[in-house]
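Work through the exercises below with the model open beside you. Try each task before you read its solution.

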Amino acid sequence: MPNWGGGAKCGACEKTVYHAEEIQCNGRSFHKSCFLCMACRKALDSTTVAAHESEIYCKTCYGRKYGPKGVGFGQGAGCLSTDTGDHLGLNLQQGSPKPARPSTPTNASKFAKKMVDVDKCPRCGKSVYAAEKIMGGGKPWHKTCFRCAICGKSLESTNITDKDGELYCKVCYAKNFGPKGIGFGGLTQVEKKE
């Protein structure tokens, strides 16, 4: 049957979508009012949509249904999600059940090694954890250690230089490692040779 006066069909309601009300996603057209998450029915836009084959989801529901599962894959900072998605119609308990843990105790020293395996600050040699880490010269630094090695000035991405694994402000770097002569390194006159 010919498509008289129409545009594309909506991926959700299968009715005609006219250009003024069209949103395109994953090669399909939707009405603005039909561009909703298939699980929680939240309104979507280009920044919140996640498409899987012919289905569209908000990023949260997409992560619950198709994202990684297990300990350490929570939905927020520092959480362990126990949400099964049942209230959204998501069947997350797919696949075979996980085998039971062995009854023998785990080696505590291996666990301790994993917990202590963090980056070391080049300046003080202590562990640098994520909350206090600043990267400079390809290495992790404490915020308090992220200073010029010569003058002690706090460094930022706009005034940092590195040489031989040490950090310097641009002024100290120029004075100590830059070219010498008139107009360079703060010198105003050439030294006379005797």
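**Exercise 1. The overall inventory**

How many helices and how many strands does the secondary structure of the chain come to? Then describe burial and surface for the chain.

Solution. Start with the status of the model: it is predicted.
- Step 1: Count the elements. The chain has three helices and twelve strands.
- Step 2: Look at burial. The chain has 194 residues, and 23% of them are buried.
- Step 3: Look at the surface. The accessible surface is about 14500 Å². Carbon and sulfur atoms hold 54% of that surface.
- Step 4: Look at contacts with a separation of 6 or more. In 16% of these, the residues are 24 or more positions apart.

**Exercise 2. Where to trust the model**

Find where in the chain confidence is lowest and where it is highest.

Solution.
- Step 1: Take the whole chain. Its mean pLDDT is 74, and 65% of the residues reach 70 or more.
- Step 2: Compare the elements. Confidence is lowest in helix H2, residues 108–116, with a mean of 51. It is highest in E12, at 89.
- Step 3: Check residues 94–100. The pLDDT there is below 50. Beyond near neighbours in sequence, this stretch has one contact in the model.
- Step 4: Draw the lesson. Where pLDDT is low, the predicted coordinates should not be read in detail.

**Exercise 3. Two hairpins**

Describe the hairpin of E11 and E12, then do the same for E9 and E10.

Solution.
- Step 1: Pair E11 with E12. Strand E11 covers residues 160–163 and strand E12 covers residues 166–169. They run antiparallel and are joined by four bridges.
- Step 2: Find a partner. Asp162 is bridged to Leu167 in E12.
- Step 3: Inspect the turn. Two residues lie between E11 and E12. Asp164, in that turn, has a positive phi of about 55 degrees, although Asp164 is not a glycine.
- Step 4: Classify Asp164. Its relative accessible area is 75% and the cut-off for exposed is over 50%, so Asp164 is exposed.
- Step 5: Pair E9 with E10. Residues 133–136 form E9 and residues 139–142 form E10. These strands are antiparallel, with four bridges.
- Step 6: Find a partner here too. Ile134 stands opposite Trp141 in E10.
- Step 7: Inspect this turn. Two residues separate the strands, and Gly137 takes a positive phi near 65 degrees.

**Exercise 4. His142**

Is His142 buried or exposed? Which residues is it in contact with, leaving aside neighbours within four places in sequence?

Solution.
- Step 1: Place the residue. His142 is in strand E10.
- Step 2: Apply the cut-off. Buried means under 20%, and His142 has 8% relative accessibility, so His142 counts as buried.
- Step 3: List the contacts. They are Cys121, Cys124, Lys126, Ser127, Val128 and Glu132.

**Exercise 5. Two threonines**

Compare the surroundings of Thr16 and Thr47: is each buried or exposed?

Solution.
- Step 1: Place Thr16. It is in strand E2, residues 16–17.
- Step 2: Classify Thr16. Its relative accessible area is 17%, and Thr16 is buried.
- Step 3: Find its polar partner. The Thr16 side chain makes a polar contact of 3.2 Å with the side chain of Lys9.
- Step 4: Place Thr47. It is in the loop between strands E4 and E5.
- Step 5: Classify Thr47. Its relative accessible area is 54%, and Thr47 is exposed.
- Step 6: Find its polar partner. The side chains of Thr47 and Asp45 are joined by a polar contact of 2.6 Å.
- Step 7: Compare sequence with space. Thr47 and Lys59 are twelve residues apart in sequence. Their C-alpha atoms are 9.1 Å apart.

**Exercise 6. Aromatic rings**

How many aromatic pairs are there? Describe the pair of Tyr173 and Phe177.

Solution.
- Step 1: Count. There are five aromatic pairs.
- Step 2: Describe the geometry. The rings of Tyr173 and Phe177 are 5.4 Å apart, centre to centre, with 45 degrees between the planes. The pair is tilted.
- Step 3: Use the helix. Tyr173 and Phe177 are separated by about one helical turn because they are four residues apart in helix H3, residues 170–177.
- Step 4: Check exposure. Tyr173 is partly exposed at 28%, and Phe177 is partly exposed at 35%.
- Step 5: Find a cluster. Ring pairs link Tyr57, Tyr62 and Tyr66.

Methods: Residues numbered from 1 in each chain as written. Predicted model: local features only at pLDDT ≥ 70, side-chain atom pairs only at ≥ 80, totals over all residues. Heavy atoms only, no water. Pairing = 2+ DSSP bridges. Buried < 20%, exposed > 50% of the residue type's maximum accessible area, 1.4 Å probe, protein only. Polar contact = N/O pair within 3.5 Å; in protein donor to acceptor, adjacent residues only side chain to side chain. Contact = heavy atoms within 4.5 Å. Areas by Shrake-Rupley, 256 points an atom, 1.4 Å probe, with all protein chains shown as cover. Phe/Tyr/Trp six-rings, centres within 6.5 Å; stacked < 30°, edge-to-face > 60°. pLDDT = per-residue confidence, 0-100.
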